[in-house]
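Q: Could we go through a protein structure together, starting with the basics?
A: Certainly; the structure is shown here.
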Amino acid sequence: MNKKITAMSLAAVITAASLFTAALADDTIKILVNDNQISFEELDPFIENERTLVPMREIFEALGAQVAWDGETKTVVSYDPVSDVSITMQVDSNVMFVGEKSVELDVPAKIVGSSTVVPVRAIAEGMSSVVKWNNDTRTVTVEKKLESE
């Protein structure tokens, strides 16, 4: 009987520890644009220096922008027809251009594996979007007007 109680207690402790570890390990960051969650194919969003970085193509397209990549100069160029804004940023540069205006970045665009990642807040705000962060759910919410009125 004593072995049975010990085994059941041990099983309960292991189960509780597994659930606790799983809860701590879930550091997934969700990105919502106009209440639609974006799925990222090659690389999940991550935080660096308190900024959320996301693969460039998915975020630009979710915001309704056209995006092009110049591999020779490692430069991202996008155009948003709704806000009539172009954004240009070069990998490893702390400066992003919104039209002709330069904006200093806390974290520059960078290449991770085969993906170019960009700071989601800087991109979205450059396209006249409202950006919010919910630390409890680890969710970035972007509200963007996707059509001209």
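The conversation below turns from the whole chain to a few strands, one residue and a pocket.

Q: What kind of model is this?
A: This is a predicted model, in which local features need pLDDT of at least 70 and side-chain atom pairs count only at pLDDT 80 or more, while totals for chains, interfaces and linings use all residues. Residues are numbered from 1 along each chain as its sequence is written, and side-chain values use heavy atoms, with hydrogens and water left out.

Q: How many helices and strands are in the protein chain?
A: The protein chain has three helices and 13 strands; these are DSSP runs numbered from the N terminus, with helices being H or I of at least four residues and strands E of at least two.

Q: And how much of the chain counts as buried?
A: Of its 149 residues, 33% count as buried, meaning under 20% relative accessible area with a 1.4 Å probe, protein chains only.

Q: Let us look at Thr75. Where is its place?
A: Thr75 belongs to strand β6, residues 75-80.

Q: Why does Thr75 count as buried?
A: Thr75 counts as buried because its relative accessibility is 12%.

Q: Which residues does Thr75 touch, leaving out those up to four places away in sequence?
A: Thr75 touches Ala68, Trp69, Asp70, Thr88, Met89 and Gln90, where contact means heavy atoms within 4.5 Å.

Q: How do β6 and β7 pair?
A: The two strands run antiparallel, with six bridges; pairing requires that DSSP finds at least two bridges between two strands. Ser78 is opposite Ile87 in β7. Four residues lie between the strands of this hairpin, and Asp84 takes a positive phi near 55 degrees.

Q: Which way do the side chains of β7 point?
A: They alternate along residues 85-90: Val85, Ile87 and Met89 point to one face and are buried, whereas Ser86, Thr88 and Gln90 point to the other and are not.

Q: What stands opposite Met89 in β8?
A: Met89 stands opposite Met96. Strands β7 and β8 (residues 95-98) are antiparallel and joined by three bridges.

Q: Changing topic, which residues lie nearest the centre of the largest pocket?
A: They are Glu50, Arg51, Thr52, Arg121 and Ala122, out of 18 lining residues. A pocket is an open set of points on a 1 Å grid over the protein atoms alone, where a 1.4 Å probe fits, with protein on both sides within 12 Å along at least five of seven lines; lining residues have an atom within 4 Å of a point.

Q: Which element gives the most to that lining?
A: Helix α3 does, with four residues.

Terms used: Buried < 20%, exposed > 50% of the residue type's maximum accessible area, 1.4 Å probe, protein only.
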